[in-house]
Amino acid sequence: TLVSVHQNGTISKWDFRLGRDGYQEVGRIHLSTPTYPVVWSYDANIIATASQWRGVSVWSLATGQELASFGTNYASPAFSPDRQHIALINMNTETLEIADLDTGESVLLPDATGIRNPSYTQASEADWGGTAYSPAGRWLAYRSYNRAILVETDSGERAAVLEGHGADHDIRQILGSPDSESLLTVAGPND
């Protein structure tokens with residue numbers, strides 16, 4: 001099945017094995033363009049979008065209903081594997097916060113401060129790829145300059161600082177492997 005979020009906000013599912021009969025519109029969300037990332041929950045039932053003017057919003061794929069929203073100072077959404085939490089970088093305070101999607105309460109991770117988003121040609125390009133949960137939810141990785149920092153989600157304590165990119169490159173995106181054994185970082189010039 002292919003799920004698409006169209007520029008007009010329509011969410012569609014297409015079971016490509018059924019040909020044209022497999023296409024179905026399932027909802028509509030409000031998109032403020034430009035919208036850069038669309039992040040899936042692990043169970044594929046909700047998505048998060050990040051927009052330059054709207055901040056981060058969480059949406060139901062079944063209904064198109066907005067389930068939660070976070071202000072324009074938030075970026076880089078990542079869902080916990082249990083779908084109960086979302087990690088967000090607060091661009092104003094340069095901190096990493098974990099928000100409970102049921103209560104809306106946020107917890108600041110004590111060792112996740114001093115986060116700097118890379119320099120971009122457009123400010124909104126910083127809205128995606130800066131955080132990644134491990135599939136079991138034990139670890140959360142985030143970017144800061146040319147380093148990837150790994151914290152334990154239960155305690156918020158820093159477990160590792162991974163360096164490997166030159167000082168003239170900033171990490172743009174972090175991805176965790178499905179087996180929780182590796183992190184992939186993508187970096188680019190920080191000019």
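In which strand does Ser76 lie? Ser76 belongs to strand S8, which covers residues 74-79; strands here are DSSP runs (E, at least two residues), numbered from the N terminus. The structure is a predicted model, in which local features need pLDDT of at least 70 and side-chain atom pairs count only at pLDDT 80 or more, while totals for chains, interfaces and linings use all residues. Residues are numbered from 1 along each chain as its sequence is written, and side-chain values use heavy atoms, with hydrogens and water left out.

Ser76 is a good place to start a tour. With a relative accessibility of 0%, Ser76 counts as buried, the term for a relative accessible area under 20%, with exposed meaning over 50% and partly exposed the range in between (1.4 Å probe, protein chains only). The side chain of Ser76 makes a polar contact with the side chain of Arg143, at 3.5 Å. A polar contact is a pair of N or O atoms within 3.5 Å; within protein, one must be able to donate a hydrogen and the other to accept it, and residues adjacent in sequence count only if both atoms are side-chain atoms.

Toward the start of the numbering, three strands make up an open sheet, ordered S1-S2-S3, with antiparallel pairing; two strands pair if DSSP finds at least two bridges between them. Strand S1 (2-5) and strand S3 (23-28) stand at the edges with a single partner strand each, so one side of each is left without a neighbour in the sheet. On average, neighbouring strands of this sheet are turned by 20 degrees against each other, direction ignored; the axes are lines fitted to C-alpha atoms, and angles run from 0 to 180 degrees between N-to-C directions. Strand S2 (residues 10-14) is joined to S3 by five bridges, and the two run antiparallel. Within this pairing, Thr10 has Arg28 of S3 as its bridge partner.

A second open sheet contains four strands in the order S12-S13-S14-S15, and its pairing is antiparallel. Its edge strands, S12 (131-133) and S15 (158-163), each pair on one side only. Here too the neighbouring strands are turned by 20 degrees against each other on average, direction ignored. Five bridges link strand S14 (residues 147-152) with S15, the two running antiparallel, and Ala148 has Leu162 as its bridge partner in S15.

A hairpin is formed by S6 and S7, with five residues between the two strands. Gly64, in the turn, has a positive phi of about 80 degrees. Four bridges join S6 to S7, which run antiparallel, and the bridge partner of Ser57 in S7 is Ser69.

The hairpin strands also take part in the interior. The largest nonpolar core has 13 residues, and those with the most contacts inside it are Val56, Val58, Phe70, Phe79, Ile86, Leu88 and Leu101. Such a core is a set of buried Ala, Val, Leu, Ile, Met, Phe, Trp, Tyr and Cys residues joined through side-chain atoms within 4.5 Å. At least two residues of this core come from each of strand S5 (46-51), strand S6 (55-60), strand S7 (66-70), S8 and strand S9 (85-90). S5 supplies the largest share, three residues. Apart from this core lies another, of 11 residues, including Ala78, Leu96, Leu109 and Val151. In soluble globular proteins, nonpolar side chains tend to be buried together.

Phe79 touches many residues beyond four places in sequence, among them Trp40, Tyr42, Val58, Ile86, Leu101 and Tyr133; contact means heavy atoms within 4.5 Å. Leu108, in strand S11 (residues 106-113), is partly exposed, with a relative accessible area of 44%. Neighbours within four places in sequence aside, Leu108 is in contact with Thr95, Leu96 and Glu97.

Two aromatic pairs are found in a search of the whole structure. Rings of Phe, Tyr and Trp (its six-membered ring) pair if their centres lie within 6.5 Å; planes under 30 degrees apart count as stacked, over 60 as edge-to-face and the rest as tilted. Trp14 and Phe16 form an edge-to-face pair, 6.3 Å centre to centre and with 65 degrees between the planes. Trp14 is partly exposed at 32% relative accessibility, and Phe16 is partly exposed at 49%. Phe70 and Tyr74 are also edge-to-face, with 6.1 Å between centres and 70 degrees between planes. Phe70 counts as buried at 12% relative accessibility, and Tyr74 is buried at 14%.
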